[in-house]
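Thank you all for coming. I would like to walk you through one structure this morning, beginning with how its helices pack and then turning to a few individual residues.

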Amino acid sequence: MPYGPHTADDRQRMLAALGITSVDQLFEDIPPALRASALQLPPPEPELELAARLTDLAGRNRTDLVSFLGAGVYRHWSPPAVDQILLRGEWYTAYTPYQPEISQGTLQSIYEYESLIAELVDLDVVSASHYDGAAATAEAALMTCRATRRDRVLVSRGVHPHYRATLQTYFRGDLVVDEVPLVADGEAAGTTDLEALERMLAEPDRPVAGVIAAQPDFLGLLEPMPEIGRLAHAAGALFVAVVEPVSLAVLAPPGEYGADIAAGEGQPLGIAPGYGGPYLGILASTDALVRQIPGRLVGMTTDLDGQRAFVMTMRAREQDIRRDKAASNICTNQALLALAASVYLATIGPHGLRDVAALGASRAADLEAALAAVGVRRLHKAAYLNEFVVAVPDAPAIHRHLLDDGILAGLVLADAEPDDPSLADGLLVCATELTTADDIARFATALGAIVGPPAASEEAAATPAGATR
């Protein structure tokens with residue numbers, strides 16, 4: 001039962017002061033279909049019986065699967081120090097410091113996070129974090145609109161479909177999101193169509209605030225980010241790069257190819273995959289956009305005694321009180337998850353992060369070769385890092401069959417991108433440093449038994465296209 005300090009008599013007196021008789025009358029302006037309904041909860045149970053029920057529910061989770069699932073959330077080894085530090089009470093239970101300078105530990109944790117991410121993305125300013133990669137991408141898009149005073153954003157269809165859906169939700173109203181198609185065939189198939197982008201940027205009387213592209217893209221392919229940025233800037237638009245942070249150990253960072261803003265999902269940095277999170281939204285920008293970035297910026301200085309001190313350098317109070325004029329109406333940062341990312345990066349170090357990215361790429365190349373040997377080919381020819389699409393007949397049925405065999409065969413793209421017929425038979429598969437040779441062999445053997453052995457001509461040509469290493 002929720003705790004409330006007011007008695008029934010207190011509530012009646014407040015309702016009388018408002019000239020109403022029921023709390024329900026406060027919500028009459030909300031359409032009935034949108035109002036929250038009562039929770040359908042079972043009656044109370046004794047603790048022992050409840051514990052047994054919860055144990056039974058938890059037992060339905062599959063923890064024995066050989067997984068090749070990525071698609072924005074990735075399995076990585078995390079140093080034990082990450083969880084041990086997170087479990088300390090001063091971090092685990094702390095909330096937003098409304099008198100920030102008193103909370104030196106919290107400010108330092110945010111400062112360390114912002115410093116580490118700034119180095120990773122090669123940009124000047126990093127926000128204290130957001131709910132997840134989709135929210136950070138939407139905030140980045142809104143930044144481009146405020147900075148350019150334009151109301152139209154172009155987003156590549158290579159950006160994660162969940163991110164694109166979140167963008168559509170954020171932009172509902174006076175702002176416009178148009179999607180840039182992917183190249184349909186040839187060597188560049190599956191990457192952003194640069195000719196279509198150039199045409200869309202040149203449409204008369206439809207100026208563009210920002211162009212959003214992902215590296216790697218949702219299909220695992222490497223995009224021509226410098227060229228996308230060049231086209232965006234030539235049209236007076238800002239360029240937003242949606243990045244996967246581990247990949248930045250081996251790929252060029254956004255700042256190097258001229259991105260104005262970087263956004264992304266920080267989950268791979270020491271945060272375990274979880275159904276629904278919690279996750280970590282990364283958002284960074286050039287110094288020119290510092291007044292547009294939502295959230296908190298923490299700096300380091302010295303106090304009156306000459307001692308090192310951390311301060312809230314900038315925090316837009318308008319986020320709390322100015323509604324539609326605010327930089328953002330979401331004022332909470334994911335401090336605990338940002339701390340996890342900081343501890344992960346500090347513990348594993350730059351060389352360790354490079355090893356994680358390189359191992360994932362190497363295991364993905366091994367996976368491609370093993371699948372090609374049983375007649376299962378990549379759908380695209382462009383370079384990839386550690387994730388790619390394979391084409392199999394009746395992908396949903398094969399995915400279900402392999403799941404029964406204890407193999408999670410990536411993501412069924414017909415479910416993720418139902419409007420793209422070119423992906424109807426696609427499985428998006430991923431490998432990381434946790435993927436073993438035995439995992440790959442088991443997957444290839446099981447899949448080969450379903451789709452049949454390759455023809456002799458195919459077997460002779462089964463040379464993997466090669467991942468970027």
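Before the first contact, one convention is needed: when I say that residues meet or touch, I mean that heavy atoms lie within 4.5 Å. Please also keep in mind throughout that what you see is a predicted model.

Let me start with helix packing. Two packed helices are described by the angle between their axes and by the distance between those axes.

The first pair is helix α5, residues 104-121, and helix α11, residues 335-373, whose axes come within 9 Å and cross at roughly 40 degrees. Angles under 35 degrees count as roughly parallel, and α5 and α11 are therefore oblique to each other. The crossing of this pair, α5 and α11, is left-handed. If you look at the residues involved, α5 contributes S109, E112, Y113, L116, I117 and L120, and these meet A338, L339, A341, S342, L345 and L353 of α11. Sorted by class, that contact of α5 with α11 holds 9 nonpolar, 2 polar and 1 charged residues.

Staying with α11, we can follow the helix to another partner, helix α14, which covers residues 437-451; the axes of α11 and α14 come within 9 Å and cross at roughly 25 degrees. That angle makes α11 roughly parallel to α14, and the crossing of α11 with α14 is right-handed. On the α11 side we find R363, D366, L367, A370 and L371, which meet I440, F443, A444 and L447 on the α14 side. The contact of α11 with α14 divides into 7 nonpolar and 2 charged residues, with no polar ones.

A further pair is helix α8, residues 194-201, and α9, where the axes come within 10 Å and cross at roughly 15 degrees. The helices α8 and α9 are therefore roughly parallel to each other, and their crossing is right-handed. Here L194, L197, E198 and L201 from α8 meet E227, I228, L231 and A232 from α9, and the class count for the contact of α8 with α9 is 6 nonpolar, no polar and 2 charged residues.

Let me now move from helices to loops. How many residues apart along the chain are R377 and V390, whose C-alpha atoms are separated by 5.5 Å? They are 13 residues apart. R377 itself sits in the loop that runs between α11 and β11, the latter being residues 387-391, and R377 is partly exposed, with a relative accessible area of 27%.

H130 belongs to the loop between β2, residues 125-126, and α6, residues 133-148. Is H130 buried or exposed? With a relative accessible area of 4%, H130 is buried. Leaving aside residues up to four places away in sequence, H130 touches A136, E139, Y279, L280, G281, L283, P294 and Q334.

I20 offers another buried loop position: I20 is placed between α1, residues 8-18, and α2, residues 47-58, and at 16% relative accessibility I20 counts as buried. With the same exclusion of residues up to four places away in sequence, I20 touches L15, Q25 and L26.

Next come some points of backbone geometry. Which residue has a positive phi of about 60 degrees although it is not a glycine? A71 does, and A71 is found in the loop between β1, residues 66-67, and α3, residues 80-86. R149 likewise has a positive phi of about 60 degrees without being a glycine, and R149 is placed in the loop between α6 and β3, which is residues 152-156. Their surroundings read as follows: A71 counts as buried at 12% relative accessibility, whereas R149 is exposed, with a relative accessible area of 78%.

There is also a cis peptide bond to point out, running from Q215 to P216, with omega near -10 degrees. P216 lies in the loop between β5, residues 210-215, and α9, residues 225-234.

Finally, a word on cysteines. How many disulfides does a search of the whole structure find? The search finds 0 disulfides. As for individual cysteines, C145 is buried, with a relative accessible area of 8%, and C430 counts as buried too, at 3% relative accessibility.

How values were computed:
Residues are numbered from 1 along each chain as its sequence is written. This is a predicted model: local features need pLDDT of at least 70, side-chain atom pairs count only at pLDDT 80 or more; totals for chains, interfaces and linings use all residues. Side-chain values use heavy atoms; hydrogens and water are left out. Axes are lines fitted to C-alpha atoms, for helices over the stretch in contact, and angles run from 0 to 180 degrees between N-to-C directions. Helices (H or I, at least four residues) and strands (E, at least two) are DSSP runs, numbered from the N terminus. Angles under 35 degrees count as roughly parallel, over 145 as roughly antiparallel, 65 to 115 as roughly perpendicular and the rest as oblique. A crossing is left-handed if the near helix is turned anticlockwise from the far one by less than a right angle, and right-handed if clockwise. Ala, Val, Leu, Ile, Met, Phe, Trp, Tyr, Cys and Pro count as nonpolar, Asp, Glu, Lys and Arg as charged, and the others, Gly among them, as polar. A disulfide is a pair of cysteine sulfur atoms within 2.5 Å. Buried means under 20% relative accessible area, exposed over 50%, partly exposed in between (1.4 Å probe, protein chains only).
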